[in-house]
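The points below are offered as a colleague's note, to be read alongside the sequence and the coordinates. They begin with one residue and widen from there.

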Amino acid sequence: MTEATDLATAAGSEDPRVGLRAVAALRKLLERLEAVQVRNARVQGWSWQEIADELGVTRQAVHKKHGRR
Amino acid sequence: MFERFTKAARGIVDEAVRQAEQAADVEVRPAHMLAAIVAMPESRAATMLHAHGLTVQEVAAAIAEAERRGGLSDEEVELLNGMGIDVAQVVDRVESVHGAGALQKRWGRPKSPRFSQAAKAVLHRSLREAIDLRNNYIGTEHLLLALAAEPGLAREILFEHGVTYQVLRAANARAS
């Protein structure tokens, strides 16, 4: 990797580009983890309201994002 | 923009959509476009890739590996590693509870996959590459240049086979 070599210290890097890309990667991972957990909760019979409460968001927000699942 | 695409370039875009559908993916990503290029061996871009030893199987394997860890590219894994997050460990733990491939599964996919932001960026970039080379059409070679230029999994797969943006630009300069 041309650029990845100096990415080892992403969290502490002073280069904004490195830090921002690290945050974007983390968001990507977070989105997938959220999808896994929401799906698991739905399979176990949780309501959208219960899921929203645990995620700390509104029921509308969680339903809009994961509703068709 | 699409009216400037050559027939072969349109074929690549259509094939990328088909690749994404086949993978039950909700998005068409640049990696699907790369997979489409290697799958259509008669194009100019595919000829360049095959000259560098890139095969359909290798691209498919790289995409599957990235999908397993939630679509993260090698670079993104390294970035997260730099933050103290061991992606392999996260994937292992999620899969141990929720089953193999848990992070790649998507529910309720739409009728046809959308182009991801990154894939749209590649399409726009291909137009810029064509203008840059003073071509009045957008061909498979411009799509490939764009894939090699935009950060992400497709660029990484190309890089690992020695196919960099500079290498492709040099090849295009020789050809024209």
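1. In this predicted model, Asp132(B) has a relative accessible area of 47% and is therefore classed as partly exposed. Asp132(B) belongs to helix α7 of chain B. Its C-alpha atom lies 16 Å from that of Val167(B), a residue 35 positions away in the sequence.

2. Which residue does Asp132(B) pair with in a salt bridge? The partner is Arg169(B), and the closest N and O atoms are 3.0 Å apart. Asp132(B) is in helix α7 (residues 117-132) of chain B and Arg169(B) in helix α10 (residues 165-175) of chain B, so this salt bridge ties together parts separated by 37 residues in sequence. Arg169(B), at a relative accessible area of 24%, is partly exposed, and Asp132(B), at 47%, also counts as partly exposed.

3. Glu129(B) deserves a separate remark, being a further residue of helix α7 of chain B. Is Glu129(B) buried or exposed? Its relative accessible area is 2%, under the 20% cut-off, and Glu129(B) is therefore buried. When neighbours within four places in sequence are set aside, the contacts of Glu129(B) are His142(B), Leu145(B), Ala146(B), Tyr165(B) and Arg169(B). Arg169(B) thus appears in this contact list as well as in the salt bridge with Asp132(B).

4. The backbone of Arg134(B) should be inspected: its phi is positive, at about 60°, although the residue is not a glycine. Arg134(B) is placed in the loop between α7 and α8 (140-149) of chain B. With a relative accessibility of 77%, Arg134(B) counts as exposed.

5. The salt bridges may be taken together next. Over all chains, the structure holds 17 of them. One of these joins Glu76(B) and Lys28(A), with the closest N and O atoms 3.1 Å apart. This pair crosses between chains, running from helix α5 (residues 74-82) of chain B, where Glu76(B) lies, to helix α1 (residues 16-43) of chain A, where Lys28(A) lies. The two partners fall into separate accessibility classes: Glu76(B) is buried at 16%, whereas Lys28(A) is partly exposed at 33%.

6. Within chain A, a salt bridge connects the side chains of Lys65(A) and Glu31(A), at 3.0 Å from N to O. Lys65(A) is in helix α3 of chain A and Glu31(A) in helix α1 of chain A; the pair links distant parts of the chain, 34 residues apart. Lys65(A) has a relative accessibility of 40% and is partly exposed. Glu31(A) is likewise partly exposed, at 34%.

7. The packing of two helices in chain B can be described in some detail. How are two packed helices described? The angle between their axes and the distance between the axes are used. For helix α1 (residues 7-22) and helix α2 (residues 30-39) of chain B, the axes come within 8 Å and cross at roughly 115°. The crossing of α1(B) past α2(B) is right-handed. On the α1(B) side, the contact is made by Ile12(B), Glu15(B), Ala16(B), Gln19(B) and Ala20(B). On the α2(B) side, the contributing residues are His32(B), Met33(B), Ala35(B), Ala36(B), Ile37(B) and Ala39(B). By class, this contact consists of 8 nonpolar, 2 polar and 1 charged residues.

8. Chain A has 3 helices and 0 strands, and its elements run α-α-α from the N terminus on. Of its 69 residues, 28% count as buried. Among contacts in chain A with a separation of 6 or more, 19% are between residues 24 or more positions apart.

9. Confidence in chain A should accompany any reading of the points above. The average pLDDT of chain A is 84, and 78% of the residues score at least 70. Where is confidence lowest and where is it highest in chain A? Confidence is lowest in helix α3 (residues 59-66) of chain A, at a mean of 91, and highest in helix α2 (residues 48-55) of chain A, at 96. Where pLDDT is low, the predicted coordinates should not be read in detail.

How values were computed
Residues numbered from 1 in each chain as written. Chains lettered and ligands numbered in written order. Predicted model: local features only at pLDDT ≥ 70, side-chain atom pairs only at ≥ 80, totals over all residues. Heavy atoms only, no water. pLDDT = per-residue confidence, 0-100. Helix = DSSP H or I, 4+ residues; strand = E, 2+ residues; numbered from the N terminus. Salt bridge = Lys/Arg side-chain N within 4 Å of Asp/Glu carboxyl O. Buried < 20%, exposed > 50% of the residue type's maximum accessible area, 1.4 Å probe, protein only. Contact = heavy atoms within 4.5 Å. Axes fitted to C-alpha atoms, helices over the stretch in contact; angles between N-to-C directions. Left-handed = near helix turned anticlockwise from the far one by under 90°. Nonpolar A, V, L, I, M, F, W, Y, C, P; charged D, E, K, R; others polar.
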